[in-house]
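User: I would like to work through this structure step by step. Please begin with any term that I shall need.

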Amino acid sequence: MRVIIAGAGPAGMVVARTLVDRGHDVVVLEKRSVAGGKVSAWQDEDGDWIESGLHVFFGAYHNLLGFLERYGLGNTFNWKPAEMIFASERHGLAGIRFTPWLPTPLNGLAGVAKFTPLSLGDKLRMGLGLIRPIFGDQRYVDQQDDESYASWHLRHGMGQRSLDEVMHTLALALNFQRADKISAKLALTAMLHFAHEKNAPKMALVQGSPDTNIWRPLIKQIEDRGGMVELGRKVTGIAYDQASNQVTGFELDDGSMIRGDVYVSAMPVHNLRKIVPESLRSLDYFANLRHLKGSPVITLQLFFDRQIAGVDNLLFSAGTHLSVYADMAMVAPEYHNGGKSIMQFVVAPAEELIKLPDDELVRFVMSEFVRLHPVAREAKLLKHTIVRIPNSVYQARPGVDKYRPDQASPVSNLFLAGDYTRQHFLASIEGATISGLQCVERITTAFANGTLTPTYEVMASG
Ligand SMILES: Cc1cc2nc3c(=O)[nH]c(=O)nc-3n(C[C@H](O)[C@H](O)[C@H](O)COP(=O)(O)OP(=O)(O)OC[C@H]3O[C@@H](n4cnc5c(N)ncnc54)[C@H](O)[C@@H]3O)c2cc1C
C-alpha cells in the first residue's frame, strides 16, 4: 500500500517507520524544513542548537523507548536521578527524590515526606487526599475528567499550599496551564504512573539534539527502505470523494496533488481543522475537533558567560512563569559551548507573554530568573533565542477528553495520528508514539477486514 502521511512530528515518524518495516510504501510530507514537530531542533548561524521545547523523557515512556530500541536508537539518552527539584524564592532549591530502594508508592511518598516547602500537616493531607488515585486505577482517574485538578485537590482536603508549591507547577509542566485550567484526569494520570511503576519517574534528556540523534537517523532508515520524507512540503487541502467516501489526494502548497491508497494526518489538531473538507465538517467526529485548542507556550534560551544554576537535572519553579528549565550545557553536554550556561526555559502560562516583543520577554524572564538564582544578576547575558508556539499540545481542560478522536476516521482511507487523538497517555512524546502505533493497527485492521481497498497502483498503472 502507498501511504501518504502529513506531518513529520513524533506521531508521523512512528507511523512511517513502522509501516516501512511492514513493507509499505510511505511518503511523509512536512511543512517545515526540519522533522520532529514540537520535538524538533535546528542550529542557528553560530552553530548553537535551538529547540522547539525542552524535552524530558520518562521511564514511563514504554512505547517510545521500545520504538527507539527496536530501531537501534535506544542509547540516545542521558538518564538523570528520579528527582523533581523545585526552585522558589522562599525556599531555594528543594527536591522530591524518589527513594530507589523502596517499593512503589513508598518511594514517592518518602520523597514528599522530605520536601521542605510543605509542612507536616500539608504532607499528611496530601498523602490522605491522594490515597484513592494512588491505589486506584485508570478507570477511576478517567471519571475525574469533568473537574479541574485544583478543585479536585481542594475538595479532597489537600489545601492551598501544596497546590501552590507543587501542583500548579506540575500542571504547567504537563499542559502549560495552571491546575485550575486542567482536568483532574490529566494530573492524576501522571501520578498514577508514578505511583505504580518504579521506573516511571526516571527522567532523561537526549544526549545532544533530537535532530541528530533521533529524527535524522529515522529519516535515513525510512529512505534506505524506499520511503520518502519530504521537508518543506505543506498539505493545504484534502480531496474527498463523497460517493466512495474516500480521500483521493492531499493538495500541496505548490498546487500539486499527491495520491496514495491511505492518508494519515499526523498534523496538530488546529492544522487539521483548517483543511477538513466542507462536506465532512458537520460529522461529529470532525466537528468535535473544535473543542481541542492548543496551549500557547514559549521556549527561551539565555546564554550566560558563566555557570548559574549548577544543577545537572531539570528544575521546576513554583510561583513564576519558568515552569520547567535546565542548563543545557550541563544536562546535554553536547550542547556545551565552553564552560558557560545555556539556560533553556519552558515559559508558561504564556497567553499574555507570547504577545510581548523579544526584548521585553527576555527582560521579564530574567527578572523571574534572578529571583530564583540571584547569582544570575552578576552574569553577563551573551545571547538569547526565542521560539513561540501559539498552539502547542491541546489544552486538557475539564470535560474535553471525550472529544478526542479515534485514529480511524469515518472516511474509509483517512486516519489520524497525533498526541491529541484518543490514547491512554498524556499529550506527550509517549502519547504521540502510542497514537502512531494505534494508527498503524487501525490501518492494518481495515486492510485485513477489506474496508480498505488499495486503488493507487491501479490508478497509477491505468
Ligand atoms: C515547549 C514544549 C515542551 C514539551 N516538553 C515535553 C516533554 O518534556 N516531554 C514530553 O513527552 N512532551 C513534551 N512536549 C509535548 C510534545 O512535544 C508533543 O506531545 C509531541 O511533539 C506531539 O507530537 P505529534 O507528532 O502529535 O505533533 P507535532 O510534534 O506537533 O508534529 C506535527 C507535525 O506536523 C507538521 N504539520 C503541521 N501542519 C502541516 C501541514 N499542513 N502539512 C505538513 N505538515 C504539517 C508540523 O510542522 C509538525 O512537524 C512539549 C511540547 C512543547 C511545545
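Analyst: A definition comes first: an axis is a line fitted to C-alpha atoms, and an angle between two axes runs from 0 to 180 degrees between the N-to-C directions. Please also keep in mind that this is a predicted model.

User: With that definition, at about what angle does H1 run to S2?

Analyst: Helix H1 covers residues 10-21 and strand S2 covers residues 25-30. H1 lies across S1, S2 and S14. Taken between N-to-C directions, the angle of H1 to S2 is about 165°.

User: In what order do the 5 strands of the open sheet with parallel pairing stand?

Analyst: Strand S10 (228-231) and strand S20 (414-416) are at the edges, so each has a single partner strand and one side without a neighbour in the sheet. On average, neighbouring strands of this sheet are turned by 20° against each other, direction ignored. The pairing is parallel, and the order is S10-S2-S1-S14-S20.

User: Over how many bridges do S1 and S14 pair?

Analyst: Strand S1 spans residues 2-6 and strand S14 spans residues 262-265. Within this pair, Val-3 stands opposite Val-262 in S14. The two strands pair in the parallel sense, and the number of bridges is 4.

User: Which strands are the edge strands of the open sheet S5-S9-S6?

Analyst: This sheet has 3 strands with antiparallel pairing, in the order S5-S9-S6. An edge strand here pairs on one side only. That description fits strand S5 (57-58) and strand S6 (77-80).

User: Which residue in S9 is the bridge partner of Trp-79?

Analyst: S6 pairs with strand S9 (residues 203-206) in the antiparallel sense, over 4 bridges. Trp-79 has its bridge partner in S9, and that partner is Ala-204.

User: Through how many residues does the hairpin join S7 to S8?

Analyst: Strand S7 (residues 83-88) and S8 run antiparallel and are joined by 6 bridges. In this pairing Ile-85 stands opposite Gly-95 in S8. The hairpin passes from S7 to S8 through 3 residues.

User: Are H8 and H9 roughly parallel or roughly perpendicular to each other?

Analyst: Two packed helices are described by the angle and the distance between their axes. The axes of helix H8 (residues 160-175) and helix H9 (residues 184-196) come within 10 Å and cross at roughly 95°. Angles of 65 to 115 degrees count as roughly perpendicular. H8 and H9 are therefore roughly perpendicular.

User: How many nonpolar residues are there in the contact of H8 with H9?

Analyst: H8 contributes Met-167, Leu-170, Ala-171, Leu-174 and Asn-175, while H9 contributes Leu-186, Ala-187 and Ala-190. Divided by class, the contact has no charged residues and 1 polar residue, and the nonpolar residues number 7.

User: In the loop between H8 and H9, what is phi of Phe-176?

Analyst: Most residues other than glycine have a negative phi. Phe-176, which lies in the loop between H8 and H9, has a positive value although it is a residue other than glycine. Its phi is near 65°.

User: Which residues are joined by a cis peptide bond with omega of about 0°?

Analyst: Most peptide bonds are trans. One cis bond runs from Thr-104 to Pro-105, with omega near -5°, and Pro-105 is in the loop between strand S8 (92-97) and helix H3 (106-113). Pro-349 is in the loop between strand S18 (342-347) and helix H14 (358-372). The cis bond with omega of about 0° joins Ala-348 and Pro-349.

User: How far apart do the C-alpha centres of domain 1 and domain 2 lie?

Analyst: The domain assignment gives domain 1 (2-40 + 208-293 + 397-461), domain 2 (104-196) and domain 3 (297-389). In the contact between the domains, 7 residues of domain 1 meet 13 residues of domain 2. On the side of domain 1 that touches domain 2 there are 3 nonpolar, 2 polar and 2 charged residues. The C-alpha centres of these two domains are 34 Å apart.

User: Which element gives the most to the shell around the ligand?

Analyst: The ligand is surrounded by 39 residues, the closest being Gly-7, Gly-9, Gly-37, Gly-53 and Ser-428. By class, the shell has 19 nonpolar, 13 polar and 7 charged residues, and domain 1 and domain 3 each supply at least three residues. The elements that give two or more residues are H1, S2, strand S15 (297-304) and helix H15 (429-449). With 4 residues, the element that gives the most is H15.

Notes:
Residues numbered from 1 in each chain as written. Predicted model: local features only at pLDDT ≥ 70, side-chain atom pairs only at ≥ 80, totals over all residues. Domains from an automatic or database assignment. Contact = placed C-beta atoms within 7 Å. Nonpolar A, V, L, I, M, F, W, Y, C, P; charged D, E, K, R; others polar. Near = placed C-beta within 6 Å. Parallel < 35°, antiparallel > 145°, perpendicular 65-115°, else oblique. Pairing = 2+ DSSP bridges.
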